[in-house]
Structures are given as structure tokens and as C-alpha cells.
Amino acid sequence: MKKKLDDNQIIESLSNLSLSWKLDRGFLKKNFKFKSFDDAIQFINIVSVKCNEIDHHPKWTNIYNTIEVELNTHDINGISKLDFELSEFMNIIYSKIENN
């Protein structure tokens with residue numbers, strides 16, 4: 001069962017992420033800017049596999065080389081550990097793509 005994190009757990013988890021995210025109206029948010037459109041699509045393709053594996057899917061938009069992400073566990077109407085698992089995975093993939 002997914003468990004909604006309290007404010008202290010969210011703040012602590014935010015501080016442990018390798019790249020910064022912000023908390024905004026009940027969502028974890030981050031913009032990822034890539035060198036090219038192809039890099040942004042590569043990111044989406046890699047992350048989408050993880051999303052299907054953990055059955056947790058983001059709200060995201062892609063405009064050319066920028067991906068805007070909002071994470072929230074909709075079925076509990078809040079933020080759960082899954083949101084932080086996915087956000088850290090996105091951070092790792094972003095860093096790998098940007099450092100190639």
C-alpha cells in the first residue's frame with residue numbers, strides 16, 4: 001500500500017535528492033533542460049521504462065529540449081516514496097545524458 005508522506009518526511013527526502021526539486025502545491029516539480037531534442041526524447045524513453053516497472057507515471061511536458069515534470073501519487077492525493085524513487089531515477093538519467 002502506498003503511504004502519503006508527511007511534511008517533515010517530504011522536506012527530508014527533498015534534501016537527499018542528488019539534484020534539486022521544488023515542492024509546489026502538493027507536487028514535486030523540476031525542469032530538465034537538455035542539449036538537444038534528441039537528448040530530451042532519450043530521457044523520456046529511458047524514464048518511461050522505469051515508470052512502467054514501478055507502475056508510477058509522471059505528468060510531464062516536452063517542449064523541444066526541455067521537460068517539465070510534476071510528480072504526485074494520485075491515488076493517495078499526496079507525495080509518496082514512489083515520487084522520490086522516480087525523481088532520483090530521473091536525476092541519475094539526466095546526469096548520464098548530460099555528461100555524454
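The following paragraphs go through the strands of this predicted model, then a pocket, the salt bridges and a few backbone angles.

The strands come first. An open sheet is built from 4 strands in the order β1-β2-β4-β3, and the pairing is antiparallel. At the edges of this sheet lie β1 and β3, each of which pairs on one side only. On average, and with direction ignored, neighbouring strands of the sheet are turned by 25° against each other.

The sheet can be read pair by pair, following its order. Strand β1 covers residues 22-24, and β2 covers residues 27-33. These two strands run antiparallel and are joined by 3 bridges; L23 has L28 in β2 as its bridge partner. They form a hairpin with 2 residues between the strands. The next pair in the order is β2 and β4, which are antiparallel and share 6 bridges. Here N31 has its bridge partner in β4, namely E68. The remaining pair consists of β3, residues 59-63, and β4, residues 66-71, joined by 5 bridges and again antiparallel. In this pair, K59 is matched with E70 of β4. β3 and β4 also make a hairpin, with 2 residues between them.

Several residues of these pairs return in the lining of the largest pocket. The volume of this pocket is about 150 Å³. Its lining consists of K22, K29, K30, N31, K59, W60, T61, E68, V69 and E70. Two or more lining residues come from each of β2, β3 and β4. Sorted by class, the lining holds 6 charged, 2 polar and 2 nonpolar residues. The bridge partners N31 and E68 are both part of the lining, and so are the bridge partners K59 and E70.

Which residues are linked to one another by salt bridges? The network contains D24, R25, K29, K59 and E70. Side chains of opposite charge can pair when their charged atoms come close. The structure has 6 salt bridges by the count used here. K29 takes part in a salt bridge with D24, where the closest N and O atoms are 2.9 Å apart. K29 also meets E70 in a salt bridge, at 3.5 Å from N to O. This second pair links distant parts of the chain, as E70 is in strand β4 and K29 in strand β2, 41 residues apart. E70 has a further salt bridge, with K59, at 3.6 Å from N to O. That pair also links distant parts of the chain, with E70 in strand β4 and K59 in strand β3, 11 residues apart. K59 and E70 are therefore joined by a side-chain contact within the 4 Å limit for a salt bridge, in addition to being bridge partners.

Is K29, which has salt bridges to D24 and E70, buried or exposed? K29 counts as buried because its relative accessibility is 14%, which is under the 20% cut-off. R25, another member of the salt-bridge network, is exposed, with a relative accessible area of 68%, a value over the 50% cut-off.

The backbone angles come last. Most residues other than glycine have a negative phi, and most peptide bonds are trans. R25 is not a glycine, yet its phi is positive, at about 50°. R25 sits in the loop between β1 and β2, and this angle belongs to the hairpin of those two strands. In the hairpin of β3 and β4, Y64 in the turn likewise has a positive phi of about 50°. N77 is a further residue that is not a glycine and has a positive phi of about 50°. N77 is placed in the loop between β4 and α3, the latter spanning residues 81-98. With a relative accessibility of 61%, N77 counts as exposed.

Key: Residues are numbered from 1 along each chain as its sequence is written. This is a predicted model: local features need pLDDT of at least 70, side-chain atom pairs count only at pLDDT 80 or more; totals for chains, interfaces and linings use all residues. Side-chain values use heavy atoms; hydrogens and water are left out. Two strands pair if DSSP finds at least two bridges between them. On a 1 Å grid over the protein atoms alone, a cavity is a set of points where a 1.4 Å probe fits but cannot get out, and a pocket is an open set with protein on both sides within 12 Å along at least five of seven lines; lining residues have an atom within 4 Å of a point. Grid points are joined across faces, edges and corners, and a volume is the space filled by probe spheres set on the points. Ala, Val, Leu, Ile, Met, Phe, Trp, Tyr, Cys and Pro count as nonpolar, Asp, Glu, Lys and Arg as charged, and the others, Gly among them, as polar. Buried means under 20% relative accessible area, exposed over 50%, partly exposed in between (1.4 Å probe, protein chains only). Axes are lines fitted to C-alpha atoms, for helices over the stretch in contact, and angles run from 0 to 180 degrees between N-to-C directions.
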